[in-house]
Amino acid sequence: MKFHITTFGCQMNVHDSEWLARALEARGWEPAGEDEAQVYILNTCSVRDKPEQKVYSELGRVAAHLRRDPAVFAAVGGCVAQQVGRGFFDRFPHVRLVFGSDGIAGAPGALERIAQGRDDRVALLDFVNIYEERERPNERTVAVPETRQAFVNIMQGCDNFCAYCIVPYTRGRQKSRHPDAVVEECRALAASGVREITLLGQNVNSFGLDKGGAGVSFADLLRRVAAIDGLDRLRFTTSHPKDIAPEVIAAFGELPNLCPSLHLPLQSGSDAVLKAMRRRYDRTRYLSIVDALKAARPDIALTTDLIVGFPGETEADFRDTLEMVERVGYESSFSFKYSDRPGVAAVNMEPKVAPEEAGERLARLQSLQNSITRKCLKKLEGVRTDAFIEGLSRMQDDGPTWWKGRDPAGRIVNVPLAEGDGLMGMMIPVSIVEAKKHSLVGEKAGSPW
Ligand code: SAH
Ligand code: SF4
Ligand code: F3S
């Protein structure tokens with residue numbers, strides 16, 4: 001069978017899609033372009049209204065392929081699938097499988113049964129209480145990614161119930177994966193040539209607080225993974241500020257392969273809004289974490305998520321957010337207009353901020369961020385660093401080949417190099433020669449590479 005996967009949403013969804021693709025390939029299925037596929041899999045995101053709406057328009061596009069091949073069918077997975085469930089079967093007759101975040105483990109088998117005509121329609125929507133280990137496609141089918149980078153799940157779900165957020169409803173309760181299984185997967189990846197690992201979870205700092213973590217804290221887990229031979233770069237995402245332990249902050253100064261960057265979602269800079277959001281930290285606590293991080297690792301690059309126009313947010317609240325953004329000096333941020341999601345607490349909070357007002361605040365915030373980003377990147381001109389090569393740059397010219405790499409903090413560094421191929425997954429020493437708007441330009445440094 002030929003399949004095509006479209007992924008929306010966070011890195012956890014990206015990772016889930018990669019796993020699903022490998023599990024299907026292990027069954028002899030083939031990835032295919034949009035025009036040739038027989039099975040269309042949409043891995044969906046429900047965090048705001050926009051990505052949810054995209055799922056419906058995408059399913060409409062898939063229906064058009066039925067004219068080419070009446071056997072074409074679709075599967076919907078991820079957070080919108082968990083939310084809408086069997087509702088997809090009524091609205092879209094060509095949807096034959098829906099699977100939620102825990103149901104994904106059974107998706108390859110279900111797709112196979114449907115394709116063979118042994119099942120008509122399947123819904124895998126149950127949550128399970130423990131982290132369910134997924135099948136690991138056998139060694140021959142697990143090609144080491146050419147980029148030599150990998151994601152590793154350490155937990156599922158979220159127990160925080162921030163007032164605006166649908167994730168606890170779509171991903172279920174927090175379930176830590178057994179630490180030995182995490183370390184074992186990381187070790188196997190490193191042994192097969194992977195040099196950079198990102199540990200994934202909705203709130204990695206609360207790893208181990210449920211019983212699945214077998215009493216191992218996130219700081220302990222980080223240490224165990226960082227000690228694996230051959231692992232040059234270790235990252236993790238996402239961190240909730242309220243749960244970050246002093247030992248995790250200290251790890252930035254102690255573990256040489258723990259990369260100097262942290263995504264630490266602030267959401268709002270106003271104490272009143274943070275309280276209404278049920279974030280359970282305030283400005284003072286957040287700033288003390290930032291200070292401790294900078295003390296542990298002075299070159300740490302901080303990034304964040306921000307919501308504008310949360311119900312009740314005043315102009316003064318919004319200015320507090322601008323002020324915090326300036327004070328912390330985030331290298332970059334993702335910012336969003338508050339979007340009502342079904343079933344979350346904020347739906348009933350008043351007054352709602354008018355969309356034009358929220359749009360105007362978002363534009364002001366993003367323009368401030370752009371100027372801070374430019375300043376942060378400008379400061380790096382002249383700095384010597386390493387670029388881990390991920391692939392060819394989008395921009396090429398008549399000269400040498402432009403390669404795209406990342407510095408230890410994850411910033412994009414484009415470097416011109418004589419080699420036209422064979423550099424993926426290589427670490428190249430570079431000097432930063434120019435800061436662009438959102439990326440850096442480097443030059444190979446004269447080192448014994
Ligand atoms: N677990 C992660 C966030 C996952 S959702 C964390 O806690 O940091 C990613 C981001 O989407 C959130 O950080 C938030 O900024 C944004 N978001 C979530 N719900 C939203 C909503 N209803 N409207 C607008 N943005 C939202
Ligand atoms: Fe959503 Fe809050 Fe959980 Fe993050 S911590 S996933 S924002 S409920
Ligand atoms: Fe979206 Fe679900 Fe991730 S709502 S952000 S795909 S956890």
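Me: Which residues come nearest to ligand 1?
Reply: In this predicted model, 15 residues surround ligand 1, and those that come nearest are Y164, Q202, Q267, D305 and S339.

Me: What does D305 do there, in terms of distance to an oxygen atom of ligand 1?
Reply: A polar atom in the side chain of D305 is placed 2.6 Å from an oxygen atom of ligand 1.

Me: And Y164, which part of that residue lies 2.9 Å from the ligand?
Reply: For Y164 the backbone is involved: one of its backbone N or O atoms lies 2.9 Å from a nitrogen atom of ligand 1.

Me: How far is the side chain of R48 from an oxygen atom of ligand 1?
Reply: An N or O atom of the R48 side chain is 3.1 Å from an oxygen atom of ligand 1.

Me: Moving to ligand 2, which residues surround it?
Reply: The shell of ligand 2 consists of C158, N160, F161, C162, Y164, C165, V167, P168, Q202, H240 and R279. Y164 and Q202 are thus listed around ligand 2, and both are also among the residues that come nearest to ligand 1.

Me: How does that shell divide by class?
Reply: The residues around ligand 2 comprise 7 nonpolar, 3 polar and 1 charged.

Me: What about the backbone of F161, is phi positive or negative?
Reply: Phi of F161 is positive, near 50°, and this residue is not a glycine. F161 sits in the loop that runs between strand 8 (155–156) and helix 6 (167–171), and F161 also belongs to the shell of ligand 2.

Me: Where are the cis peptide bonds, starting with the one that involves T238?
Reply: That bond joins T237 and T238, with omega at about 5°. T238 is located in the loop between strand 11 (233–237) and helix 9 (246–254).
A further cis peptide bond leads from E350 to P351, and its omega is near -10°. P351 is found in the loop between strand 14 (332–337) and helix 13 (355–378).

Me: You mentioned helix 9. How does it cross helix 11?
Reply: The axes of helix 9 and helix 11 (residues 283–296) come within 8 Å and cross at roughly 25°. The two helices are therefore roughly parallel to each other, and their crossing is right-handed.

Me: Which residues make that contact?
Reply: Helix 9 contributes I249, F252 and G253, while helix 11 contributes I289, A292, L293 and A296. By class, this contact has 6 nonpolar residues, 1 polar residue and no charged ones.

Me: Let me change to helix 7 and helix 8. At what angle do they pack?
Reply: Helix 7 (residues 179–191) packs against helix 8 (residues 218–226) at an angle of about 25°, and their axes are 10 Å apart.

Me: Why are helix 7 and helix 8 called roughly parallel?
Reply: An angle under 35 degrees counts as roughly parallel. Helix 7 and helix 8 are therefore placed in that class. Helix 7 passes helix 8 in a right-handed crossing.

Me: Which side chains or residues meet there?
Reply: P179, D180, V182, V183 and C186 of helix 7 meet L221, R224 and V225 of helix 8. The residues of this contact divide into 6 nonpolar, no polar and 2 charged.

Me: Finally, how do helix 1 and helix 5 pack?
Reply: Helix 1 (residues 11–26) and helix 5 (residues 107–115) have axes 9 Å apart and pack at an angle of about 50°. They are therefore oblique to each other, and the crossing is right-handed.

Me: Which residues of helix 1 and helix 5 meet?
Reply: From helix 1 these are W19, L20, A23 and L24, which meet A107, P108 and L111 in helix 5. The contact has 7 nonpolar residues, no polar and no charged.

Methods
Residues are numbered from 1 along each chain as its sequence is written. Chains are lettered from A and ligands numbered from 1 in the order in which they are written. This is a predicted model: local features need pLDDT of at least 70, side-chain atom pairs count only at pLDDT 80 or more; totals for chains, interfaces and linings use all residues. Side-chain values use heavy atoms; hydrogens and water are left out. Axes are lines fitted to C-alpha atoms, for helices over the stretch in contact, and angles run from 0 to 180 degrees between N-to-C directions. Helices (H or I, at least four residues) and strands (E, at least two) are DSSP runs, numbered from the N terminus. Angles under 35 degrees count as roughly parallel, over 145 as roughly antiparallel, 65 to 115 as roughly perpendicular and the rest as oblique. A crossing is left-handed if the near helix is turned anticlockwise from the far one by less than a right angle, and right-handed if clockwise. Contact means heavy atoms within 4.5 Å. Ala, Val, Leu, Ile, Met, Phe, Trp, Tyr, Cys and Pro count as nonpolar, Asp, Glu, Lys and Arg as charged, and the others, Gly among them, as polar. A residue is near a molecule or strand if one of its heavy atoms lies within 4 Å of it. A polar contact is a pair of N or O atoms within 3.5 Å; within protein, one must be able to donate a hydrogen and the other to accept it, and residues adjacent in sequence count only if both atoms are side-chain atoms.
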